[in-house]
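Colleague: Could you take a close look at one spot for me, and then show how it sits in the rest of the chain? Please give me the cut-offs as you go.

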Amino acid sequence: FQGREETVPLMDWLTSKYAEEFLTFSNRMQVKHGGSGWPVAGSQWEDYTEQQWDKISAWASMRMQTLWRTVAGMCLYHPALHCHWEAQADRKSRLAQPGVWDPSDCFTCLVSMQMYKFFDKIQLEHTNRMLHKFPDCLKIAFIDCEDKGITAEIDMVHPKQKRRYFSSLFDKTCPDLSSGQKKAKYRIELPGYPILGDGKGDNQNHAIPFMRGVFAQCIDANQGAYFEQMLLLPCALGEFRSRKRGDGGSKRIVGFPEHITSDIGSIGDFAASAEVAFGTILQRTYAVLGARMHYGHPDIMNKLYMMQQGGVSKATKTVNLSEDIFAGIDFTLRGQNRSIKHAEYFHLAKGRDLGFNTVLGFFSKLSSGTGEQVLTRQAFRMGQVLHLPEALTFYYAHVGYYFTQFLVSWSMPLLVFVWLLVLLSDENRNFDAFLNLGGQPASAEVMAKLVGVWFSWLLALFLVATSLPLVAEVWMERNLKVAFERFLKQMCTMSPLMFIFQAKIIGHYVMNEVRYGGATYVSTGRGLPTDRRPFVGEAVPGSFKLKKVGGLYLDYAAIAYYDGVMLLAGTVLILVAGGVSKAGASAGQLWWIMICLGLTITSWMWAPFIFNPYQFLYKHFKEDFRSLLAFFLEDSGRHWVEWYDRTQLKPRSGGLHRSMVDITFVIAVFFLAAWYATVNLKIQALTVAYASLQDWAQALHAVMLLPPIASSLVYCSLVVLCETLVGCSSILRRRLLRPKRSHAKTLRFGTMATTPLEAASGEAPQAEDVEGGEVASTSDAEDVGDEEEAPHATAEDREVAPAPATTPGLAHATTNGFEVASHQCCEMGIPLAFSAFIVTVTDIAEAIFVLRIFWEVGWHNGFIAGFILKWALLVMCIFFGEGLLRARCCMVLGCCGMPLQLWVRAHRMARDVVVSSIIFTVMVPIVFLNSLNEYLCPGCSAHQLLIYRDPGHLARTEAVVLDILGEADDDWGLDLEADGEPAPLVPPVPAEMD
């Protein structure tokens, strides 16, 4: 149970999910092996023997997304072909002769195990078990490697190549080696290190030479098959028949749908529903319109044509992250009226992701791959050769979907920006007679009418239209009742929150990829959605110290939470500025837009927590609170500083120049220009209305353009000066003065510096002769725990490392010409959280001091507009400060740049403190309601009903009574206590177990 009573073991979860099937399996085993060979142990897993566990593990593997299930399904082609042979009943043919017919001669189940060379003992045992379990058609291809040997020069092996690599094949008939591996039956030497891409495409392409026959079907390791579908194989192969020899218009790729089996829980059903609609009705439409490309793994392809275009997948690193689609694109670009057909009478099983993080991780990979796909020459050529209808369909089916998600996710912030700008630009109504505004409607009323037309009951029609493909497909496959039940069930389990957040994730990753590049493969694992993810990390029990950093807030802070708080603040300012109260009769039309804003804000800020298992349990909420405090306060904010430097400060390297050419800078300049024009009009109206202010007009214009940073910069400079004089060692100073480790940094020109195969074998190349590149030594490398993460990378949990040393025992620590005494009067210095609070207060006070004139004359809208302008100027200054910290000149400044580092990080920590506090505070009432639910209805959790569509159950936990003294009365069958009295019988105690 991993120390947590709600963390259910995998087998318990499977037996609960498939209770009847497990009961049938147990009964079958008892009949087969007898009562003594298979005791009725139920869920007492420790009572099973190793031989029985082998049977149970095979049963469990067939109900999970495992390679065993995939191989078992694909090997069903073997008995299906044999059934067709028997059904023909042609006993006079040569195939009917004894020992002639073998289905393995026309079908091969080829498993490409890239890392088989480095399997451990358990993995080798499982591989051998799979070979003995399934028919002879099962063969395994892997990449073998060995030292160059003395014949390397004769064989013309490149001098810088450290090893020789081979594509190898073996089956069950191959003899075993002393290492436990199988001896390869065939080996093909490869020209150097074979993994040039992200691994998946290379893994497919290197096994193509061992495929027999003309047709290939590439299957993922999380799929399955059904015997009834395998019997339809002759019909599927019949799709490739040509009208005549050399017919260029004959089909070379035939697509088929997938039967999604992973619809467990709400998130699993959401992902499965999207996949069902995408793999059926949408693929049919794309095929008719001429824009369906290969990305369905049940697709059957003509292997000869795939080999002519370089394989079934493109394998260039980063560019071909979405490798499958390029098979169809290259196939279409070859012309000759080639077509890709989609048929739906034949399908395979497919497992999708089940958890919130894994689903979004999968979409982040797709979005990053799409961002790279836009930049490829194949996409450029497709736009040139396709006719307009096909080109528009190709755009909508691929890149357009992801760009649309980005535009939809930013539609609400843009609307709030325009709405707020119009409201605050309106003249002050205290001067109607003076400004001659009689008869003109207020800006609040104008915006209410406009927004009311855009967001009305038609929004419900739009919501239904987005779900129409799924409803139509389920209606055709099942009936209208089932379709509407599924639609209503998804609405009741908050599917809009999931898809709104998903649109935000897709838009973020696809635009980040276009801006920064560097897409990488994201391994989601496809595990069960049973683990609770903490808020920011795991705390040491009973203390305010972290032992692991990583949680939902850190995963999505820069992606969604910051924007969610900005959208919330904009909505509140609209209400304060009279966007609803001053709308007059049009205020009743604003319900729909408020619903949309509420859904967007709720999704961007709380969707990950709503779909997080056991999120609102009181005991875990207390742990999250302790972790949150430790994250910001422990070691003067060390955990936050390391996370911020690793994930937000370093990824966009390039210094101030790269920051200024970024699209974010252009948007910020437009934002500043709009609000400065608004405030400028307010100042002009103020000087006209009040003659005493005319002499101060120029000064007011200048002061409005000054960002509120003077007092906070003074504070940060004084703090750094005091810490230097007193001898304090703050977290920033310790990170600056820490000793640097020397690493070998590789300048890549063709291959990776340290290959995965080399890393797995434990033989990393030396710095002076790295295979495939030149080597440069650097002395300014960061520590291992502080390596930067790319903007698109998926956040990973990190174990807490010891705090940076304060360099004790040294007479003086010298850094860039500055000497720092080794004696420390104050070990930690002023906490960064305290500095964050002070700079926030000083910035607000400075802005209010400048804008107080608007408040004094009663121009509250002018005060709000000026405050927004001051906030935008402050954000721009922080943006420039981060650009300076990324630049190399900041490293040269050393301790002289400490005030800037403190100023930037204090403001960023203040932002994280405010955002996390808002999110955490809003969840407090929900925790109270969840505790009340547990007290009134134990075993029936509303939150579990939302996530798993199952309220949970009460599992019986038996209390074991031990007779310590051994004085039990065997005659009466009672356990006696020490004084001879019968011990109370303890019945099974019900305990909540989800």
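Colleague: Is G279 buried or exposed, and what is its relative accessible area?

Modeller: Happy to! This is a predicted model, so local features need pLDDT of at least 70 and side-chain atom pairs count only at pLDDT 80 or more, while totals for chains, interfaces and linings use all residues. Residues are numbered from 1 along each chain as its sequence is written, and side-chain values use heavy atoms, with hydrogens and water left out.

G279 is buried, because its relative accessible area is 16%; buried means under 20%, exposed over 50% and partly exposed in between, with a 1.4 Å probe and protein chains only. G279 belongs to helix α10 (residues 265-279). Helices (H or I, at least four residues) and strands (E, at least two) are DSSP runs, numbered from the N terminus. Outside its neighbours within four places in sequence, G279 is in contact with P257 and H342, contact meaning heavy atoms within 4.5 Å. G279 and E258 are 21 residues apart along the chain, and their C-alpha atoms are separated by 6.5 Å.

Now the wider setting. The chain has 39 helices and 20 strands, and 48% of its 994 residues are buried. Of the contacts between residues at least 6 apart in sequence, 77% join residues at least 24 apart.

One such pairing in sequence terms involves F616, which is 307 residues from M923 in sequence, yet 7.8 Å from it in space, C-alpha to C-alpha. F616 lies in the loop between α26 and α27 (618-633), and counts as buried because its relative accessibility is 5%. Not counting residues up to four places away in sequence, F616 touches F609, I610, M923, I926, V927, N930 and H943.

F609 also turns up beside I919, which touches F535, Y553, Y561, M605, W606 and F609, again leaving out residues up to four places away. I919 and Y553 have the most contacts inside the largest nonpolar core, a set of 126 residues. Such a core is made of buried Ala, Val, Leu, Ile, Met, Phe, Trp, Tyr and Cys residues joined through side-chain atoms within 4.5 Å. α36 (860-886) gives the most to this core, with 13 residues. A second, separate core has 35 residues, including C75, L233, V254 and I300.

α36 is also among the elements that cover the buried residues of α18, as are α20 and α26. Those buried residues include M412, F417, W419 and L424. The end C-alpha atoms of α18 (residues 411-425) are 21 Å apart, in agreement with the 21 Å that its 15 residues should span at 1.5 Å a residue; the expected span is 1.5 Å times one less than the number of residues.

α26 (591-610) has a surface role in the picture too: α26 and α21 (458-466) each supply at least two residues of a nonpolar patch, and α26 gives the most, with three. The patch consists of W457, L458, L461, W592, I595 and L599, with about 610 Å² of accessible area together. Its W457 sits in the loop between α20 (443-454) and α21 and counts as exposed because its relative accessibility is 58%.

Note on methods: Patch = residues over 30% accessible without salt bridge, like charges linked within 9 Å, V, L, I, M, F, W, Y side chains within 5 Å. Areas by Shrake-Rupley, 256 points an atom, 1.4 Å probe, with all protein chains shown as cover. Salt bridge = Lys/Arg side-chain N within 4 Å of Asp/Glu carboxyl O.
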